[in-house]
2 protein chains.
Amino acid sequence: MSAPIEFYFDFSSPYSYLASEQIEPLGARYGRVVDYRPVLLGATFKVSGLQPLVDVPLKGEYSKRDFDRSARFAAVPFVLPQPFPIATVGAARAYLWLKDSDPQRATAFLHAAFRAYFVRGRNLSENPVLMDVLRQVGVDPEPALQAIQQPAIKEQLRAQVDAAVARGVFGAPFLFVDGEPFWGHDRLPQIERWLATGPF
Amino acid sequence: MSAPIEFYFDFSSPYSYLASEQIEPLGARYGRVVDYRPVLLGATFKVSGLQPLVDVPLKGEYSKRDFDRSARFAAVPFVLPQPFPIATVGAARAYLWLKDSDPQRATAFLHAAFRAYFVRGRNLSENPVLMDVLRQVGVDPEPALQAIQQPAIKEQLRAQVDAAVARGVFGAPFLFVDGEPFWGHDRLPQIERWLATGPF
């Protein structure tokens, strides 16, 4: 088994969601597992000077069309939620907290959370929604919600986001394969080539 | 013959160059010709608030790597030129001037100009280079250079750039197929699907 595919994501990123629906089967075809790592786009924007896609004149309107079309192209169910984007720090902490004790359940939570927001339009920044998603993957939501209020998990997420930025992560999804950086859902074809042939 | 593929480009855009090497054969497979239309990214940046890719912290460094890798992925020769980016208003005017009288030669000029800059590293913003490229496609460079100093051609380019922005063009390459907007070299697979199946 070769090194895992490192997959940086934000729960509010449509292209992260699309890629999350495709990367595991893609990796599996080449004997790779996926190591999901949360980032917060708000933090990367501070470093890059970028702003949320939908706030950019002209590009924002195009992006909404491209989210939908890219989802249809990938045959992944998608409905742009309202509100969009949302704060994802709570969901990111919950993912991280789960990952420490039960990585497989953390991955189930990741997919359930993405789908709650981008398929059913449920606002993941609200605690009741987050609790529903936790329940859905068999996690007792009360202790989970208490855990993610603790300084330790807050600091852990902050440190991981800082480490991601230090590594050059400026957006999401942002993937590393054997140390090679790939930004965007639309780089999956290049990732597949890399997995198949090695460096090209 | 269905409607042409409208292809907005800037001579200083690596992804425009990559797409320009692929779009004609792609279109031809589906009975489409390509209508190339110059824009000036400086003008679109003013509206969108965006800035040159390589100036964005983190993203700039990644982009240089991605230009090279995307070129190899597409099997298109590419060497990031120095200086980069450059002013392309002269080349854009020359393209437009040629297109009015001899569209086929204009397309030959477009490819020769892109390759001069992105394969051989020749600075297309310098008149002697522009003249070489014009000569290369059989155009007497002296009258061409005089023509592109005339107010008429300057105004024509300005009007076309304004029209592009009014249509939502915020970057390059930016393509329309049957009115559907596609931004970026990495949308060629979606364009191919559209050409093959119609709206999806």
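Start in chain B of this predicted model, with the largest nonpolar core, which holds 54 residues. Select B:Val39, B:Ala94, B:Phe109 and B:Ala113: these four touch the most other members of the core. Then colour helix 6 of chain B, residues 103–118, which contributes eight residues, the most of any element in this core.

Keep B:Val39 selected and show what surrounds it. Setting aside neighbours within four places in sequence, B:Val39 is in contact with B:Tyr8, B:Phe9 and B:Asp10, and also with B:Thr44, B:Val161, B:Ala164, B:Val169 and B:Ala172. A separate core of 53 residues lies apart from the one you have just visited; among its members are A:Phe11, A:Ile23, A:Phe67 and A:Trp97. We will come back to A:Trp97 later in the tour.

**The sheet of chain B**

Next, switch to a cartoon view and pick out the four strands of chain B. They make an open sheet in the order 2-1-3-4, and the pairing is mixed. At the edges you will find strand 2 (34–38) and strand 4 (180–183), each paired on one side only. Going from one strand to the next, the twist averages 20 degrees.

Select strand 1, residues 5–9, together with strand 2 of chain B: the two run parallel and are joined by five bridges. To see one pair in this ladder, click on B:Phe9, whose bridge partner in strand 2 is B:Pro38. B:Phe9 is also one of the contacts of B:Val39 from your earlier stop.

Now move to strand 3 of chain B, residues 174–177, which pairs with strand 4 in the antiparallel sense over four bridges. Here B:Val177 stands opposite B:Glu180. These two strands form a hairpin with two residues between them, and in the turn B:Asp178 has a positive phi of about 55 degrees.

**Helix 5 of chain A and its two partners**

Cross over to chain A and select helix 5 (residues 89–101) with helix 6 (residues 103–118). Their axes come within 7 Å and cross at roughly 155 degrees, so the two helices are roughly antiparallel to each other. Show side chains for A:Ala91, A:Ala94, A:Tyr95, A:Leu98 and A:Lys99 on helix 5, and for A:Pro103, A:Arg105, A:Ala106, A:Phe109, A:Leu110 and A:Ala113 on helix 6, as these make the contact. By class, the contact has nine nonpolar residues, no polar ones and two charged ones.

Keep helix 5 and add helix 9 of chain A, residues 151–166. This pair packs at an angle of about 100 degrees with axes 10 Å apart, and the helices are therefore roughly perpendicular. Helix 5 offers A:Ala92, A:Arg93, A:Leu96 and A:Trp97, while helix 9 answers with A:Ile153, A:Lys154, A:Gln156 and A:Leu157. Five nonpolar, one polar and two charged residues make up this contact. A:Trp97, as promised, is also a member of the 53-residue core.

**Where the chains meet**

For the last stop, display both chains. How many residues does each chain bring to the contact? Chain A and chain B each give 22.

On the side of chain A that touches chain B, select helix 3 (41–48), helix 4 (59–74), strand 4 (180–183) and helix 10 (188–197), the elements that give two or more residues. Which of them gives the most? Helix 4 does, with seven residues. Colour this side of chain A by class to finish, and you will find 11 nonpolar, four polar and seven charged residues.

Definitions and conventions. Residues numbered from 1 in each chain as written. Chains lettered and ligands numbered in written order. Predicted model: local features only at pLDDT ≥ 70, side-chain atom pairs only at ≥ 80, totals over all residues. Axes fitted to C-alpha atoms, helices over the stretch in contact; angles between N-to-C directions. Parallel < 35°, antiparallel > 145°, perpendicular 65-115°, else oblique. Contact = placed C-beta atoms within 7 Å. Nonpolar A, V, L, I, M, F, W, Y, C, P; charged D, E, K, R; others polar. Pairing = 2+ DSSP bridges. Core = buried A, V, L, I, M, F, W, Y, C linked by C-beta atoms within 7 Å. Buried ≥ 20, exposed ≤ 12 C-beta atoms within 10 Å, placed from the backbone.
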